[in-house]
Amino acid sequence: FEELEALGWIGSKRPKMISVQADGCAPIVKAFHDGARHAPLWENAHTLAPGIRVPVAIADYLMLDAMRASGGTGILVSDQEILDALYEVARLEGIFSAPEGAATYAGYKKLIASGFLKPEDKVVLFNTGSGLKTPELVHGEYPVLDPRDPELASKIV
């Protein structure tokens, strides 16, 4: 953001930087709330979201600095909250997000409930992957539809 401002592309206003991590692997969130300069190695890291199963982060201090300087925070979400968010985003928005992207929505909902974020706040949630990378997380029977079928529209529930 400082570079973008130096180029004259944005002003001095900055967004709150927020880290959402799974409660089974949360070194950045722990370091943030402990007031630490560096995040500890997270032993026995586990979560169903492989992209956020990162037990030690490179340049952790840069993330922590950005979170603190921006008035941001760090928040934990459970694997169940991630799954619930994955289904909710699919149902409401038609997006089959990656579990990591669903984690951001789960964190957003918790931050709204806590009052840290307000419903009128402008928020960007990053979903950098597709749920197709982790199809084992979605359960149920799904019909295979033929797009050439003239009756296709009537088969969609």
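This report describes the fold, one helix face, a buried glutamine, the salt bridges and a surface patch of a predicted model.

**Overall architecture**

The protein chain contains six helices and two strands, arranged along the sequence in the pattern α-β-α-α-β-α-α-α. Along the principal axes, the C-alpha atoms of the chain fill a box of roughly 60 × 45 × 30 Å. Of the 157 residues in the chain, 31% are buried. The accessible surface comes to about 10,400 Å², and carbon and sulfur atoms account for 60% of that area. Among contacts in the chain with a separation of 6 or more, 62% are between residues 24 or more positions apart.

**Helix α3 and its buried face**

Helix α3 spans residues 60–69, and its buried residues are Asp60, Leu64 and Met67. Viewed down the axis of α3, these buried residues fall within an arc of 65°, so they line one face of the helix. The general geometry is helpful here: an α-helix has 3.6 residues a turn, so residues three or four places apart point the same way. The buried residues of α3 pack against β1 (18–22), α2 (27–34) and β2 (73–77). Just after α3, Gly71 adopts a positive phi of about 75°.

**Gln21 in strand β1**

Gln21 is located in strand β1. Its relative accessibility is 8%; Gln21 therefore counts as buried, the limit being under 20%. A polar atom of the Gln21 side chain lies 2.9 Å from the backbone nitrogen of Val29. Leaving aside residues up to four places away in sequence, Gln21 touches Ala26, Pro27, Ile28, Val29, Ile75, Leu76 and Val77.

Leu76 also serves as a reference point for Gly115: the C-alpha atoms of the two residues are separated by 16 Å, and the residues are 39 apart along the chain. Gly115 belongs to the loop between α5 (99–114) and α6 (152–155), and at 28% relative accessibility Gly115 is partly exposed.

**Salt bridges**

The model has six salt bridges. Three of them are listed below with the distance between the closest N and O atoms.

| Salt bridge | Closest N and O atoms |
|---|---|
| Glu5 and Arg14 | 2.5 Å |
| Lys30 and Asp34 | 2.5 Å |
| Lys110 and Glu81 | 3.4 Å |

In the pair of Lys110 and Glu81, distant parts of the chain are linked: Lys110 lies in helix α5 and Glu81 in helix α4 (residues 79–93), 29 residues apart. Lys110 is partly exposed at 30% relative accessibility, and Glu81 is partly exposed at 27%.

Lys30 and Asp34, by contrast, both lie in helix α2, four residues apart, which is about one turn of the helix. Lys30 is partly exposed, with a relative accessibility of 38%.

For the remaining tabulated pair, Glu5 has a relative accessibility of 33% and counts as partly exposed. Its partner Arg14 is partly exposed as well, with a relative accessible area of 28%.

**A nonpolar surface patch**

Phe1, Leu4, Leu7, Trp9, Ile10 and Met17 make a nonpolar surface patch of about 600 Å². Within this group, Met17 lies in the loop between α1 (2–6) and β1. Met17 is partly exposed, with a relative accessible area of 33%; membership of a patch requires over 30%.

Key. Residues are numbered from 1 along each chain as its sequence is written. This is a predicted model: local features need pLDDT of at least 70, side-chain atom pairs count only at pLDDT 80 or more; totals for chains, interfaces and linings use all residues. Side-chain values use heavy atoms; hydrogens and water are left out. Buried means under 20% relative accessible area, exposed over 50%, partly exposed in between (1.4 Å probe, protein chains only). The arc is that of the directions from the helix axis to the C-beta atoms. Contact means heavy atoms within 4.5 Å. Patches are made of residues with over 30% relative accessible area and no salt bridge: like charges are joined within 9 Å, nonpolar side chains (Val, Leu, Ile, Met, Phe, Trp, Tyr) within 5 Å. Accessible areas come from the Shrake-Rupley method with a 1.4 Å probe; for residues, only the protein chains shown count as cover. A salt bridge is a side-chain nitrogen of Lys or Arg within 4 Å of a carboxyl oxygen of Asp or Glu. A polar contact is a pair of N or O atoms within 3.5 Å; within protein, one must be able to donate a hydrogen and the other to accept it, and residues adjacent in sequence count only if both atoms are side-chain atoms.
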